Amino acid sequence: MPVDRFQGFVFNPADLSEDVDLDLDRRREILFVHGHLADWTHWQVLGIPWNAPSDRAREAYREKVKVFHPDRYPGQRLGTYRARLEQIFRRLTEARDVLANDAARAAYAKQSAPPEEFARAEVRRLDDAERSRERRARLARTNPLVARAGRVHDLVERGREHMAAGRFTQAVNDFSTALAIDPDVGEAKALAQEAKKRANAEKAKDLWDKAHAAEAVNNVELALEMATAAAAADPGNPRYAVLAARLALRRGALGDARGQAEAAVRAAPAHGPAHEVLGEVLAEQGDKAGARRALERALELDPALDGARERLKRLRWSFLG
Amino acid sequence: MSEIEPFVGIDLGTTNSVVATVIDGVPRVIVNRVGQILTPSVVAVSKNGKKLVGTIAKRQAITNAENTVYAAKRLIGRRWGAKEVEDARRVLPYQLVPGPEGHDVRVVLGGRTFAIPEVSAMVLAELKADAEAFFGRRVTKAVITVPAYFNDGQRQATKDAGRIAGFEVLRIINEPTSAALAYGFGKQMEKKVVVFDLGGGTFDISVLDIGKSVYDVVAVGGDTYLGGEDFDRRIMDWLTFSFAKENQGIDLRQDTMALQRLRDSAEKAKIELSSVQSAAIHLPFLAAAGEGKAALHLAKQLARDKLEELTKDLVERCIQVTERTLRDAGIRAAQVGEVLLVGGMTRMPRVQQAVKQFFGREPSRGVHPEEVVALGAAIQAHALLYPQKDREVLLLDVTPQNLGIMVVGGYFATIIPKNTTVPTSQTHVFTTVQDQQTSVRIAVLQGASEKAIENELLGEFILDGIRPARRGEVEIEVAFDISADGIVGVSARDVDTGQRQSITVTATSGLTENELRRILDENLDELLERKQSGEFERLRERALQMIGEIESLVPQVSEALTRSHYGKDALQKAEGVVGRARAAIASQDLQQMATNDEQLDRTVQLFKGLAGGGTVPGGEG
């Protein structure tokens with residue numbers, strides 16, 4: 001035992017001369033450890049290097065308690081040393097409880113790391129994060145199952161992005177592809193439906209604009225074609241069918257006009273212009289009673305339809321004219 | 001051996017107790033005065049008021065069931081009104097009453113009430129007497145074992161029992177730990193050991209990490225109400241039920257004597273079934289069938305399969321507790337290096353099989369399940385008394401249950417969690433909640449439940465004499481410590497002034513210090529009395545023997561005397577001595593008897609001399 005082991009530690013002479021059955025060396029050792037209980041780390045208390053494995057901690061504990069457990073001094077007078085031994089023993093146990101438990105040990109190691117160790121650990125942690133990303137990517141390339149799941153995930157993500165940006169057609173494409181790879185992705189199914197609806201609405205609106213443009217230059221035939229396509233793309237919106245019906249009427253295609261007008265009424269029974277155009281078509285077809293009913297309904301729903309009022313007036317007074 | 005004071009290790013069991021010691025470094029069991037290793041933990045007061053302990057007490061249990069206490073260990077340290085006590089009251093033939101404060105349990109024996117530690121003390125005193133007979137001198141130092149799962153109250157009460165019996169209790173240690181100590185003693189090993197201890201009344205499981213002769217307990221678990229007696233009761237229930245079915249509903253449970261016979265035969269059958277496949281239970285004249293009819297007999301055959309079926313759930317409970325404890329210890333069954341079976345119930349093949357199945361290994365057969373605990377206790381006693389160079393031993397045990405206090409809302413706040421290595425301590429700071437508050441009441445509990453009420457109340461501590469101040473200004477630091485015995489201590493001090501606060505303990509399940517002292521005094525008186533009466537008996541017998549001898553010699557002597565120079569004088573003197581001796585015996589005057597003893601002796605010597613040789617030796621005056 002080197003003499004300078006307790007270097008820098010001030011012993012109280014009264015403690016060293018207490019009348020107890022302990023030799024001087026043992027007294028010094030007890031006083032030294034006891035004096036350091038507050039400032040030593042768990043590692044230091046057990047006398048093992050920082051971050052030593054849990055087995056080392058357990059082993060060191062066993063060695064230490066043999067020296068510091070009061071039961072090891074049977075029949076001996078310990079005086080004030082008994083309390084010191086007990087305190088040391090408790091501290092040893094506390095250190096062991098932390099360092100012999102893998103989870104607690106890891107946390108404590110981080111907390112009690114010397115500065116250079118702390119820096120090294122930080123670097124290692126960052127490296128670890130990078131490495132795990134790489135590992136995931138590598139896994140995705142090599143494992144078909146993981147690769148497939150990854151691809152579906154990517155497609156759905158991209159579809160969502162398209163949808164958010166209003167590119168519904170592209171979104172429909174991505175969702176459909178995802179469903180083709182894995183038909184069981186419920187999320188993709190719902191998203192695909194939504195995207196399709198939105199894409200069709202977009203398309204219908206586009207066609208409607210074109211139809212109006214064509215009508216403006218009196219190209220009724222092209223306008224009718226566009227309007228019919230718009231109504232087919234978005235059957236839920238009556239204004240496309242109404243436009244198609246009006247244009248068909250202008251072209252004299254009464255059958256087509258009636259079909260579109262009825263479809264418009266079916267899609268939106270509370271839409272005034274749909275009833276108006278149906279009334280017009282029926283009037284042209286000679287069903288005056290039907291026409292009157294439809295026009296009255298149109299006015300009832302939308303009193304601002306002056307055209308309908310005019311037409312109805314004419315119908316009512318036709319026997320005079 | 002002569003220079004060291006004798007000491008013992010005692011396994012104070014529910015059904016049987018064992019005492020052991022260490023001689024020349026070798027642990028060995030002390031055989032009792034009846035010549036047996038096991039002393040039944042049975043205490044009785046016979047019809048004529050005599051206290052009986054052990055085998056004799058057990059033997060008369062059938063005819064004197066109301067005054068025979070067995071399984072006192074199930075009640076020790078329990079509070080009156082506890083579920084366990086209520087359950088026990090329903091099945092035990094002897095009468096239980098609450099103690100004077102209404103907290104602890106007393107038993108009525110021969111018209112007197114005894115605290116449970118007093119009953120256990122009688123068993124311990126019997127073992128002490130056995131040890132003293134073995135050593136031929138006084139024995140006072142002992143280590144006593146308790147189930148690992150015993151709480152503070154039960155440990156304290158066991159320690160009290162030791163004191164009442166006249167022991168200086170060196171340490172209370174856990175039975176499984178003790179068993180592991182006996183198993184590992186003298187061996188070099190580094191492994192994890194599981195001790196599976198299924199005794200008469202309790203089930204205990206401990207996980208130890210043994211290395212470098214340090215026995216480090218990692219976790220303990222158990223059930224203080226699961227043991228051999230529960231197995232016996234299943235057999236008894238089966239017997240009474242089938243008996244009632246065959247005999248028009250006669251309920252044997254109403255008859256204490258029949259019940260005691262059933263209990264004995266159930267235990268016997270259970271033990272037999274550990275070695276054979278089927279056991280016969282034959283109890284003739286068990287019950288009266290009614291007026292004018294022949295008495296009823298019970299004759300049943302119990303197969304091992306049937307017993308296993310009856311007790312299936314009990315074995316399963318053991319395995320569940322084992323599983324939980326291993327989880328607490330943080331180890332897997334496969335990491336266990338050895339499994340020790342302790343307690344008589346582990347002789348049951350089904351139990352061994354279940355253990356083997358769970359651990360996937362054959363349990364150790366190297367230890368004697370009934371002796372091993374007492375041997376371990378003796379080893380620990382030795383280690384606590386005398387330093388050993390070659391066979392050092394250090395036991396590090398843990399606290400079996402969470403220790404905590406009741407907090408607002410009736411919740412339980414853990415202060416020292418279970419499986420903490422003892423001795424240990426922990427402090428908790430309390431503040432006053434009212435202006436000028438001078439006392440704080442703290443309920444200390446032990447248990448596993450979040451709700452305070454579901455845990456065992458160790459006691460209520462009242463901190464008083466707090467200096468008056470505004471609320472929250474006074475901080476009281478209360479230190480809870482658990483000794484190596486597993487016994488809880490509480491102390492408190494004012495954080496600011498550093499002054500110690502007085503603590504009053506109320507509502508404990510044990511004996512108060514005053515009561516303990518009174519019992520010790522009473523025991524001392526009784527001991528003195530018994531000593532005196534023993535002395536009296538001895539002197540009386542001697543005196544009567546000598547009187548007989550004198551009287552038988554009179555004819556010969558008188559003939560010899562007529563021929564000698566002594567004359568009739570000597571005869572008269574002898575008559576006087578005999579007369580005084582008779583009077584002293586009649587009045588039970590011990591001192592007078594002692595003086596007479598000497599005179600009688602001299603007279604006998606003289607008469608013998610006269611009758612024999614005819615010559616007179618010495619000068620009789």
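Which residue in β23(B) stands opposite Ile405(B)? To find out, begin in chain B of this predicted model.

**Stop 1: strand β20 of chain B**

Select residues 402-407 of chain B, which form strand β20. Of its 6 residues, 5 are buried, so the strand is largely enclosed by the rest of the structure. Next, add residues 440-447 of chain B, strand β23. The pairing of β20(B) with β23(B) is antiparallel and comprises 4 bridges. Display Ile405(B) together with Val444(B): Val444(B) is the residue of β23(B) that stands opposite Ile405(B).

Now add strand β21 of chain B, residues 411-416. This strand runs antiparallel to β20(B), and 5 bridges join the two. One position to display is Met406(B), whose bridge partner in β21(B) is Phe412(B). Follow the backbone from β20(B) into β21(B): the two strands form a hairpin, with 3 residues between them. In that turn, Gly409(B) has a positive phi of about 90°.

**Stop 2: helices α11 and α12 of chain A**

Move to chain A and select residues 220-233, helix α11, with residues 238-251, helix α12. Their axes come within 8 Å and cross at roughly 150°. An angle over 145 degrees counts as roughly antiparallel, and α11(A) is therefore roughly antiparallel to α12(A). The crossing of these two helices is left-handed.

To inspect the contact, show side chains on both helices. The α11(A) side includes Val220(A), Leu224(A), Ala227(A) and Ala231(A); the α12(A) side includes Tyr240(A), Leu243(A), Leu247(A) and Arg251(A). By class, the residues of this contact are 12 nonpolar, 1 polar and 3 charged.

**Stop 3: helices α4 and α5 of chain A**

Select residues 54-68 and 81-99 of chain A, which are α4 and α5. The axes of these helices come within 9 Å and cross at roughly 170°, so α4(A) and α5(A) are roughly antiparallel to each other. Among the residues of α4(A) that meet α5(A) are Ala57(A), Tyr61(A), Val65(A) and Phe68(A). From α5(A), the contact includes Leu85(A), Ile88(A), Phe89(A) and Leu92(A). The contact of α4(A) with α5(A) has 9 nonpolar, 1 polar and 3 charged residues.

**Stop 4: the contact between chains A and B**

Keep α4(A) and α5(A) selected and bring chain B back into view. The contact between the chains takes 11 residues from chain A and 14 from chain B. On the side of chain A that touches chain B, α4 and α5 each supply at least two residues. That side of chain A divides into 2 nonpolar, 3 polar and 6 charged residues.

Notes:
Residues are numbered from 1 along each chain as its sequence is written. Chains are lettered from A and ligands numbered from 1 in the order in which they are written. This is a predicted model: local features need pLDDT of at least 70, side-chain atom pairs count only at pLDDT 80 or more; totals for chains, interfaces and linings use all residues. Two residues are in contact if their C-beta atoms, placed from the backbone, lie within 7 Å. Ala, Val, Leu, Ile, Met, Phe, Trp, Tyr, Cys and Pro count as nonpolar, Asp, Glu, Lys and Arg as charged, and the others, Gly among them, as polar. Axes are lines fitted to C-alpha atoms, for helices over the stretch in contact, and angles run from 0 to 180 degrees between N-to-C directions. Angles under 35 degrees count as roughly parallel, over 145 as roughly antiparallel, 65 to 115 as roughly perpendicular and the rest as oblique. A crossing is left-handed if the near helix is turned anticlockwise from the far one by less than a right angle, and right-handed if clockwise. A residue is buried if 20 or more other C-beta atoms lie within 10 Å of its own, exposed if 12 or fewer, and partly exposed in between; C-beta atoms are placed from the backbone. Two strands pair if DSSP finds at least two bridges between them.
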